[in-house]
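Colleague: I am still learning to read models like this one, and I would love a close look at one part. Could you pick a good starting place and lead me from there through the sheet and the residues packed around it?

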Amino acid sequence: MATVSGVKDEPGQPPALTSLSLAEAAQEAKSKEQSITPFNVSGGFDEQGKPKAIDYDKLVDTFGSQRIDDRLLDRFEKVTGRKPHRMLRRGLVFSHRDLNLILDKYENGVPFYLYTGRGPSSDSMHVGHTIPFEFTKYLQDVFDVPLVIMLTDDEKFFHTPKLSLKDVYKFTLQNAMDIIAVGFDAKKTFIFADTDFVDGGFASAFNNNVREMGKRTTINQIRGTFGFNDSNNIAEFNFPAMQSATAFATSFPFIFGSDAKKVAKIPCLIPCAIDQDPYFRQCRDYAPKMGYLKPAIIHSVFLPSLRGSESKMSASDADSSIFLSDTDNQIKKKIGKAFSGGQDTAELHREIGGRTAVDVPFQYLTFFMEDDEELERTRVAYEKGEMQSGQMKMACTKELQAYVSGFRERRKAVTEEVRKEFMRPRQLVFKGMPGEKEQQLAREKRIKTLEEELERLQKKN
């Protein structure tokens, strides 16, 4: 099946450690390699035990993906006729698997769809969570394609001992409304919560794909990919098959139609943060054996924690994050405490300048400031010492206050009725959508499935 030739999806296993001298062992105790998984993001520690920034070049090599280079960006602009998003222009969306093949499909008029998601762990998302969603909206607008958003409330429940199903489901509904406020097109977007969808009358095809993927995936593969051990519960081992199923168009006959052979040829593009890649490496391994195309993936970097670029913002750590529910004053206070790349004194700063590579407020501007020229002027002024740390923090505060304020206004318009419509299984409107006859057959099939489910429940009771 289609994939970039010569690029392995799975990195090789690290060689076994040889015997270390006492000195080497002492150094090893302090140093630690970076760890990037769906459950842990850390840049690691150096020999002195100091935290290190995340090395994205190393991630590309380790994960076996490809860098998004200028040549690919030029092709993107030529094929779409649109200027690449600021996150693409600045290398914040930096890595991919088979994006070139998606551009081939689009250029030849072959339809595809987008798939992204969120694991709801708090009642309010932070600005780092909006990065993949804002970029996904851009892709939806540019390509005019349907989008499926998966809210993995079950996964958060499985993996977080302190969270109850009731808590996670409450977070799910609130997060869904936050996601809608990013600005997605309701006619082209379906959002679902795992705990609702998989037990409903529309998920039989989805569940079959979960079973097919689950049958092919071994416990050892899950251990190796996610670092699980005997203390992880059995539900966690099964969940990757669930997340993979959304990458197959056949899981959603009410969107793409019931002609399985035809629908199996619809490609999927997954915009996500790089920590989600382990889920889809295994998905890509088994897709051809299931008769499907490998899903393409496009990776974004993490929005750094307020404390520094060694880790990402975390909803479980309020002091590391700026939430979409934060007030202007809260944003100002948090940015005021953010890690700075400025010098110890104003005089020294004027003499040798600031360090934008580690300055969190400047890093935030690279994510949220749209104007490339203004961003470059800011960088130059800071590095020359013409702009002080306080001024950098003021500029960042202004940008983020405007960003969050705009979100708050859009969020007010997202009612329960709007949320329910986005989360209602239905035919989406897009180029290449199933014809009226096929849609009618799909509706009749759904009605029959629901009638059979109702009959089963009645017999049970």
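Modeller: Let us begin at Asp 98, which sits in the loop between strand 4 and helix 5 (99–107). Please keep in mind that this is a predicted model. The backbone of Asp 98 has a phi near 65 degrees, which is a positive value in a residue other than glycine. Is Asp 98 buried or exposed? With a relative accessible area of 2%, Asp 98 falls below the 20% limit, so it is buried.

You can compare that with Asp 144, in the loop between helix 6 (127–143) and strand 6. Asp 144 also has a positive phi, about 55 degrees, although it is not a glycine. Its relative accessible area is 37%, however, so Asp 144 is partly exposed.

Those two loops lead us to the sheet. Seven strands make up an open sheet with mixed pairing, in the order 3-4-9-8-5-6-7. Its edges are strand 3 (66–67) and strand 7, each of which pairs on one side only. In general, strands of a sheet pair through backbone hydrogen bonds, and they can do so in parallel or antiparallel fashion.

At one edge, strand 3 is joined to strand 4 (residues 93–97) by two bridges, and these strands run antiparallel. If you look for Gln 66, you will find that its bridge partner in strand 4 is His 96. At the other edge, strand 6 (residues 147–151) and strand 7 run parallel and are joined by five bridges. There, Leu 147 has Thr 189 of strand 7 as its bridge partner.

Now stay with strand 7 for a moment. Although it is an edge strand, five of its five residues are buried, so the rest of the structure largely encloses it. A useful rule for reading any regular strand is that side chains alternate between the two faces of the sheet. In strand 7, Thr 189, Ile 191 and Ala 193 point one way, while Phe 190 and Phe 192 point the other way, and all are buried.

Those phenylalanines bring us to the aromatic rings. The structure holds 34 aromatic pairs. One of them joins Phe 190 and Phe 252, with 6.4 Å from centre to centre and 70 degrees between the planes, an edge-to-face arrangement. Phe 190 belongs to strand 7 (residues 189–193) and Phe 252 to the loop between helix 12 (234–245) and helix 13 (253–256), so this pair ties together parts that are 62 residues apart in sequence. Phe 190 is buried at 0% relative accessible area, and Phe 252 counts as buried at 0% as well. Phe 252 has another partner, Phe 206: their ring centres are 6.1 Å apart and their planes meet at 50 degrees, so this pair is tilted. It too links distant parts of the chain, since Phe 206 lies in helix 10 (residues 204–216), 46 residues from Phe 252. Phe 206 is buried, as is Phe 252. Stepping back, ring pairs connect Phe 190, Phe 192, Phe 197, Phe 202, Phe 206, Phe 252 and Phe 254 into a cluster.

Next, follow the chain to helix 12 itself. To describe two packed helices, one gives the angle between their axes and the distance between the axes. Helix 12 packs with helix 15 (residues 277–286) at an angle of about 75 degrees, and their axes are 9 Å apart. These helices are therefore roughly perpendicular to each other. Where do they meet? From helix 12 come Phe 239, Pro 240, Gln 243 and Ser 244, and from helix 15 come Tyr 279, Phe 280 and Cys 283.

Gln 243 deserves a closer look. Its relative accessible area is 6%, so it is buried. Which residues does Gln 243 touch, leaving aside neighbours within four places in sequence? Its contacts are Tyr 115, Met 150, Thr 152, Gln 276, Tyr 279 and Phe 280. Met 150 takes us back to the sheet, as strand 6 covers residues 147–151.

One last stop for this tour is helix 15 again. Arg 281 lies over the face of Phe 63, at 4.6 Å from the ring centre.

Methods. Residues are numbered from 1 along each chain as its sequence is written. This is a predicted model: local features need pLDDT of at least 70, side-chain atom pairs count only at pLDDT 80 or more; totals for chains, interfaces and linings use all residues. Side-chain values use heavy atoms; hydrogens and water are left out. Rings of Phe, Tyr and Trp (its six-membered ring) pair if their centres lie within 6.5 Å; planes under 30 degrees apart count as stacked, over 60 as edge-to-face and the rest as tilted. Helices (H or I, at least four residues) and strands (E, at least two) are DSSP runs, numbered from the N terminus. Buried means under 20% relative accessible area, exposed over 50%, partly exposed in between (1.4 Å probe, protein chains only). A charge sits over a ring if NZ of Lys or CZ of Arg is within 6 Å of the ring centre and within 35 degrees of the ring normal. Two strands pair if DSSP finds at least two bridges between them. Axes are lines fitted to C-alpha atoms, for helices over the stretch in contact, and angles run from 0 to 180 degrees between N-to-C directions. Angles under 35 degrees count as roughly parallel, over 145 as roughly antiparallel, 65 to 115 as roughly perpendicular and the rest as oblique. Contact means heavy atoms within 4.5 Å.
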